[in-house]
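The following exercises are to be worked with the sequence and the structure at hand. Each task is followed by a solution in steps.

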Amino acid sequence: MNENRKAVRSIPVIDVQGLRVNQGISSDLVSQVDRACREIGFFSVVNHGIDASTIDSVLAQAKIFFNQPKHLKEEIEIHKSPYMRGYFSEGADKSDGVLGDIKEGFDMASEIALEDAYVKANLPFYGPNAWPASMPHFRSVMLGYHAQALDLGRRLLRVFALGLGMPAHHFDDKFVKPMAQLRVLRYPPIEYAEGQPIGAGEHTDFGWITMIAQDSVGGLEVRNAEHEWIPVPPIKSGFVVNIGDLMSRWTNDHYPATFHRVVNTSNRERYSAAFFMDPDYYASVECLSSCVSPERPARYPPTIAGEYMDRRFLETTTFRESQNNR
């Protein structure tokens, strides 16, 4: 248990407008983010610079895509891609490592050409995307949103660095060629029953941070220090940001990855877009000097970011089977 964890009853909402202008990062912003990361590992951001119309377009395109006939979605089924790109059906993702989630999704990332050195080296998470031929605008909307989310993620890197007592640009060289994946999701309504599959089972995310755009339906829940499930209400045009396992390792659990889940009992479909701001495949993840002391020695050995991510995907999805056969 992290000694900084608190039994919070709501997720902090932080105005990050200062990141949008050419000026220094305020100490107040650093303090707010640092406190949220230490106490719960989740916070929401507003005034982040990505237009509401852009977010609405992503969720609208996701809704159109998922409501297509099954055979059209399966034309770009993720098992057909050696690069973990495309559509996956309900049950293919097992967030808790046991039960198949009641959700369907579409994964994409930066367009990486076949001639790229990472692709030639058969590294997972790098390669061309798979696009639905039936939706001419889907590709441009997703790529445009991905680029803006990546820019916001790079700006947030510096806030985290300062909160952790490091120079502002400490993490920049760890995110030159990031494994930054965008996943759009559809959750059908369910009747909740303990021990049965739900929208997304109890889990922590694998990487650095996740930035989630939610529609108005809700259903995202976070487990606090007293093991209570607290809701994360949707905020129009805001993002939910949460800490992943790699950041926990990097910070020696100073910033904890927090268990969360999705339970959609609303009687409506839920749509969301999760952007995973994860580092370069070869980034070395080692406890920061500012987070280690004689009283608090390093809890984790160094690891390579991509190797860690790959192991976790193998544990919780069926996607990697196809790539292992490349």
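**Exercise 1. Classify Cys 287 by its relative accessibility, and determine whether its sulfur takes part in a disulfide.**

Step 1. Cys 287 has a relative accessibility of 13% and therefore counts as buried; buried means under 20% relative accessible area, exposed over 50%, and partly exposed in between, with a 1.4 Å probe and protein chains only.

Step 2. The structure holds zero disulfides, a disulfide being a pair of cysteine sulfur atoms within 2.5 Å. Cys 287 is accordingly in no disulfide, and the nearest cysteine sulfur, that of Cys 291, lies 7.8 Å away.

Step 3. Viewed from Cys 291, the closest cysteine sulfur is that of Cys 287, and 7.8 Å is too far for a bond. Cys 291 is buried because its relative accessible area is 9%.

Two remarks on the basis of these values apply throughout. The model is predicted, so local features need pLDDT of at least 70 and side-chain atom pairs count only at pLDDT 80 or more, whereas totals for chains, interfaces and linings use all residues. Residues are numbered from 1 along each chain as its sequence is written, and side-chain values use heavy atoms, with hydrogens and water left out.

**Exercise 2. Locate Arg 183 and identify the side chain that it joins in a polar contact.**

Step 1. Arg 183 belongs to strand 5, residues 181-187. Helices (H or I, at least four residues) and strands (E, at least two) are DSSP runs, numbered from the N terminus.

Step 2. With 6% relative accessibility, Arg 183 counts as buried.

Step 3. The side chain of Arg 183 is joined to that of Asp 107 by a polar contact of 2.7 Å. A polar contact is a pair of N or O atoms within 3.5 Å; within protein, one must be able to donate a hydrogen and the other to accept it, and residues adjacent in sequence count only if both atoms are side-chain atoms.

**Exercise 3. Describe how the axes of helix 1 and helix 5 cross, and list the residues that make the contact.**

Step 1. The axes of helix 1 (residues 27-39) and helix 5 (residues 138-163) come within 9 Å and cross at roughly 80 degrees. Axes are lines fitted to C-alpha atoms, for helices over the stretch in contact, and angles run from 0 to 180 degrees between N-to-C directions.

Step 2. Helix 1 is therefore roughly perpendicular to helix 5, since angles of 65 to 115 degrees count as roughly perpendicular, under 35 as roughly parallel, over 145 as roughly antiparallel and the rest as oblique.

Step 3. Helix 1 contributes Leu 29, Val 30, Val 33, Asp 34 and Cys 37, and helix 5 contributes Val 159, Phe 160, Leu 162 and Gly 163. Contact means heavy atoms within 4.5 Å.

**Exercise 4. Place His 227 and Ser 237 in the chain, and state the phi of each.**

Step 1. His 227 lies in the loop between strand 8 (220-223) and strand 9 (229-231). Its phi is near 60 degrees, a positive value in a residue other than glycine.

Step 2. His 227 is exposed because its relative accessible area is 52%.

Step 3. Ser 237 is found in the loop between strand 9 and strand 10 (239-243). Although Ser 237 is not a glycine, its phi is positive, at about 70 degrees.

Step 4. At 23% relative accessibility, Ser 237 counts as partly exposed.
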